[in-house]
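I open these entries to record what I looked up in the structure, one topic at a time.

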Amino acid sequence: MPDGAASRDWTSELSVVSDSFESGRGLPPACYTDPAFHAAEIDRIFRREWLCLGREDEVSGPGDYLSLDLLGDPLVMLRDKDGVLRVLSRVCRHRSMPVIKGRGNTNTLLCPYHHWTYGLDGRLVGAPEMGKTPGFDAKAICLPEIRHEVWEGFVFVNFDSDAPPLGPQLRGVSRLLANYRLSELRTARSLPFDIECRWNWKLMCDNFIEPYHHVGVHLKSLEPSLPARLSEIVESDGPWTMVHMRYRKGRSPEEAPDPDAPALPPFPGADPLQRRTFTLLHIFPNLLVSFFTDHMQFYRLFPEGPDRVHMEKLFCYPPEAMALPQFEDAVEHNERSFIEFRDEDIDAVLVLQQAYRSRHAQPGVFSHLERPIWDFARWIADRMERA
Ligand code: FES
Ligand SMILES: [Fe+2]
């Protein structure tokens, strides 16, 4: 069947996901390649669900701002003069020029095209040569504000004003991760991908969350210390899935410190089990978080097309660690080792994106270690069918 066939019966194709993991399969490969499916999931998922934008402390002081493009929509996350976090459209209300770009600190949002000026609350405060325009009322003009919610320091937005709040849906995760004191973590580094990310956003999610591929893709790098078979899939009660990967005995960073790596202490509140666990968390649809024993990383991941995604990795640390003399070296080291493992994953997802176009591609039988992929597929299928 050709890509983009609008008449395609997705409901019947998605039935392969099934309501039970035992008989279930993953999403059909076309869900990762077909522009029509992608358009539908933007409409039914990304315009209705809570989407992670980043961390609250990326704009920590009054006037701090960060420009982001989400689903082709230019947005700005900022902290206003009173310390209130806001997410605004940065599309000028005059003739649509983005009023600001990049990141930094500012007192106002000054549109570069004709110098209309907005306050950090989005209100228009100045517009040259508009006095002769009949009916022009600056007070009535404001950059649209996007609904947002902060959960454990992560900023989420929702384009649907009727969507139920996010916090109650994530209570179970908050309980499981309480020891990490997530909301206190500070963002030390953000690393945009320096390569073209030519794969479907869900492919990244699937690859991120399942530990099974350690036996293949990461056989020599991760499997020796974090073997797939020692993984535990957490029972989920909401729009998320979580996996604990236990270090092989004697191989945790505390037990076997890397002589070439500057060591940071484990999370201050971590219990003995967490000190030898690497935890992966996927909050649907677009937040992928990894908990190392001493810091947290997450992806800023925005779909840009059926086979294109914006990806950036952010590194967050407990404030206690940031005060240590070896901190900067540790951050550098973590960045380098992330790139090493990332490249192993990217080699795989790039090839998969092509292979999913094969007429012989089909969702195969799952291993028990792939349960989180099925959880996500079930969540996607529910939303696509519900519409
Ligand atoms: S487009 Fe912004 S001032 Fe004209
Ligand atoms: Fe991987």
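**Entry 1: the seven-stranded sheet**

I began with an open sheet of seven strands, whose order is β11-β17-β16-β15-β14-β13-β12 and whose pairing is antiparallel. I note at the outset that the model is a predicted one. The edges are formed by β11 (186-192) and β12 (231-233), each of which pairs on one side only. On average, neighbouring strands of this sheet are turned by 20° against each other, direction ignored.

I then followed the edge strand β11 to its partner. It pairs with β17 (residues 308-317) in the antiparallel sense, over six bridges. Within this pairing I looked up Arg189, whose bridge partner in β17 is Phe315.

Which helix packs on the sheet? I found that helix α4 (residues 201-209) does so, touching β13 (240-246), β14 (277-283), β15 (287-291), β16 (296-305) and β17. The direction of α4 makes about 150° with that of β14.

**Entry 2: a cis peptide bond between two strands of the sheet**

I next examined the loop between β14 and β15, where Pro285 is placed. Phe284 and Pro285 are joined by a cis peptide bond, with omega at about 0°. I set this against the general rule that most peptide bonds are trans.

**Entry 3: the strands β2, β3 and β4**

I turned to β3 (residues 73-79), which pairs with β2 and with β4. Strand β2 (residues 64-70) runs antiparallel to β3, and six bridges join the two. Leu68 has Leu75 of β3 as its bridge partner. The hairpin of β2 and β3 has two residues between the strands, and Leu71 there takes a positive phi near 55°.

With β4 (residues 85-89), β3 pairs over five bridges, also in the antiparallel sense. Here I recorded Met77, whose bridge partner in β4 is Val87. The hairpin of β3 and β4 has five residues between the strands, and in it Gly83 takes a positive phi near 85°.

Is β3 largely enclosed or largely open? Five of its seven residues are buried, so β3 is largely enclosed by the rest of the structure.

**Entry 4: the buried face of helix α2**

For helix α2 (residues 35-46), I listed the buried residues as Phe37, His38 and Glu41. Seen down the axis of α2, these residues fall within an arc of 100°, so they line one face of the helix. I then asked what covers the buried residues of α2. The cover includes α1 (10-14), β16 and α7 (371-386). Strand β16 is also one of the strands of the sheet in my opening entry.

**Entry 5: two domains and their contact**

The domain assignment gives domain 1 as 52-150 and domain 2 as 166-386. Their centres, taken over C-alpha atoms, are separated by 33 Å. I counted the contributions to the contact as eight residues from domain 1 and eleven residues from domain 2. On the side of domain 1 that touches domain 2, strand β1 (residues 51-55) gives the most, with three residues. By class, the residues of this side are three nonpolar, one polar and four charged.

**Entry 6: an exposed loop residue**

I located Asp137 in the loop between β8 (124-126) and β9 (147-151). Is Asp137 buried or exposed? It has 9 other C-beta atoms within 10 Å; a residue with 12 or fewer counts as exposed, and therefore Asp137 is exposed. I also compared its position with that of Glu13: the two are 124 residues apart in sequence and 52 Å apart in space, C-alpha to C-alpha.

**Entry 7: positive phi in residues other than glycine**

Most residues other than glycine have a negative phi. I therefore looked up two loop residues that depart from this rule.

Glu152 has a phi near 50°, a positive value in a residue other than glycine. Its place is in the loop between β9 and β10 (154-158). Glu152 counts as partly exposed because it has 19 C-beta neighbours inside 10 Å, whereas 20 or more would make a residue buried.

Arg181 has a positive phi of about 45°, although it is not a glycine. I found Arg181 in the loop between α3 (171-176) and β11. With 16 C-beta neighbours inside 10 Å, Arg181 also counts as partly exposed.

Terms used
Residues are numbered from 1 along each chain as its sequence is written. Chains are lettered from A and ligands numbered from 1 in the order in which they are written. This is a predicted model: local features need pLDDT of at least 70, side-chain atom pairs count only at pLDDT 80 or more; totals for chains, interfaces and linings use all residues. Two strands pair if DSSP finds at least two bridges between them. Helices (H or I, at least four residues) and strands (E, at least two) are DSSP runs, numbered from the N terminus. Axes are lines fitted to C-alpha atoms, for helices over the stretch in contact, and angles run from 0 to 180 degrees between N-to-C directions. Two residues are in contact if their C-beta atoms, placed from the backbone, lie within 7 Å. Domain bounds come from an automatic or database domain assignment. Ala, Val, Leu, Ile, Met, Phe, Trp, Tyr, Cys and Pro count as nonpolar, Asp, Glu, Lys and Arg as charged, and the others, Gly among them, as polar. The arc is that of the directions from the helix axis to the C-beta atoms.
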